[in-house]
Amino acid sequence: MKNDTKPLLYDQIMADPMNAGYTDRGWQPVYSASPHSRIVIVGQAPGRVAQETGKPWNDISGQNLRRWLDVTEEQFYNPELFALIPMDFYYPGKGKHGDLPPRREFAEKWHSRLLDRMTEVKLIILVGAYAQKFYLAGQAKRDLTETVASYSEYLPKYFPLVHPSPLNFRWRKRNPWFASEVIPALQRVVQEVLAD
């Protein structure tokens, strides 16, 4: 994330040979994290606009996510409150059916190093199947829908969500319980953490 204060481990991530291809293009890792972050949001990977602007969730999906969380843009981008650490910190490029998946080895190498330095985390929000499979491992259900529907089983540490992409409107239409049950619960949990 482009700002005056570099997020945790920024220089090490930039210098990592696994990211050399991105660094050579002039790309910076897109994430935000502080030792004092209270809530971690784990997404998929930056989209093209997020990569170009150096700002995570800088699109319609981010607007939807902030609405689901019931937080302001100022709160969302305050790393003392929210750490924004996708499964990969670089835009993976375009595939046949949308963006390519994040590199699994990226999260395996860097997420634990970041989380070990974030001593005040109270909640990790897992956005989408990649984050849920990685963090919940054998505890995830058969598919994303069942995992999200079972959100209360993963509290107080984790809260699984569907991706807020506008392309998921059909999923949300087929699953009205998400808006009526999950979103209000998410907002309560987030407000409790931020008020603690």
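Mentor: Helices and strands here are DSSP runs, with at least four residues for a helix and at least two for a strand. Keep in mind that this is a predicted model.

Trainee: How many helices and strands are there in the protein?

Mentor: The protein has ten helices and six strands. Its radius of gyration is 16 Å, close to the 16 Å that the globule rule gives for 196 residues, so the protein is as compact as a globular protein of that length. Along the principal axes, the C-alpha atoms fill a box of roughly 45 × 45 × 30 Å.

Trainee: How do I read burial and contacts for the whole chain?

Mentor: Buried means under 20% relative accessible area. By that cut-off, 48% of the 196 residues count as buried. Now take the contacts with a separation of 6 or more. Residues 24 or more positions apart account for 71% of them. The accessible surface comes to about 10,000 Å², and carbon and sulfur atoms hold 50% of it.

Trainee: What about charge?

Mentor: Compare the mean positions of the two signs. For the 25 positive and 22 negative charges, these lie 6 Å apart.

Trainee: Which residues touch the most other members of the largest nonpolar core?

Mentor: A nonpolar core joins buried residues through side-chain atoms within 4.5 Å. The largest one has 31 residues, and I41, L69, I125, F159, L161, F178 and V190 touch the most other members. Several elements each supply at least two residues, among them strand 1 (39-42), helix 4 (60-69), strand 5 (123-127) and strand 6 (158-161). Helix 10 gives the most, with ten residues.

Trainee: Is there a second core to look at, and what does it include?

Mentor: A separate core of 27 residues includes I13, Y22, W110 and Y154.

Trainee: What is L161 in contact with, beyond its neighbours within four places in sequence?

Mentor: Its partners include L65, W68, I125, V127, L144, F178, V182 and L186. G128 and Q132 are also among them.

Trainee: Where is S61, and is it buried or exposed?

Mentor: S61 sits in helix 4. Its relative accessibility is 7%, so S61 counts as buried. Beyond its neighbours within four places in sequence, S61 contacts H163, P164, S165 and P166.

Trainee: Which residues of helix 7 are buried?

Mentor: In helix 7 (residues 129-136), the buried residues are A131, Q132, F134, Y135 and L136. They pack against strand 1, helix 6 (104-116), strand 5, helix 8 and strand 6.

Trainee: How should I read the backbone angles?

Mentor: Start from the usual pattern. Most residues other than glycine have a negative phi, and most peptide bonds are trans. Then look for departures. W57 is not a glycine, yet has a positive phi of about 55 degrees. A137 is not a glycine either, and has a positive phi of about 45 degrees.

Trainee: Where are W57 and A137 found?

Mentor: W57 is in the loop between helix 3 (48-53) and helix 4. A137 comes just after helix 7, in the loop between helix 7 and helix 8.

Trainee: Is each one buried or exposed?

Mentor: W57 has a relative accessible area of 12%, so W57 is buried. A137 is at 51%, so A137 counts as exposed.

Trainee: Which peptide bond is cis?

Mentor: Look at the bond from L155 to P156. That bond is cis, with omega near 10 degrees. P156 lies in the loop between helix 8 and strand 6.

Key:
Residues numbered from 1 in each chain as written. Predicted model: local features only at pLDDT ≥ 70, side-chain atom pairs only at ≥ 80, totals over all residues. Heavy atoms only, no water. Rg over C-alpha atoms; globule rule 2.2 N^0.38 Å. Buried < 20%, exposed > 50% of the residue type's maximum accessible area, 1.4 Å probe, protein only. Contact = heavy atoms within 4.5 Å. Areas by Shrake-Rupley, 256 points an atom, 1.4 Å probe, with all protein chains shown as cover. Lys, Arg positive; Asp, Glu negative; His and termini not counted. Charge placed at Lys NZ, Arg CZ, Asp CG, Glu CD.
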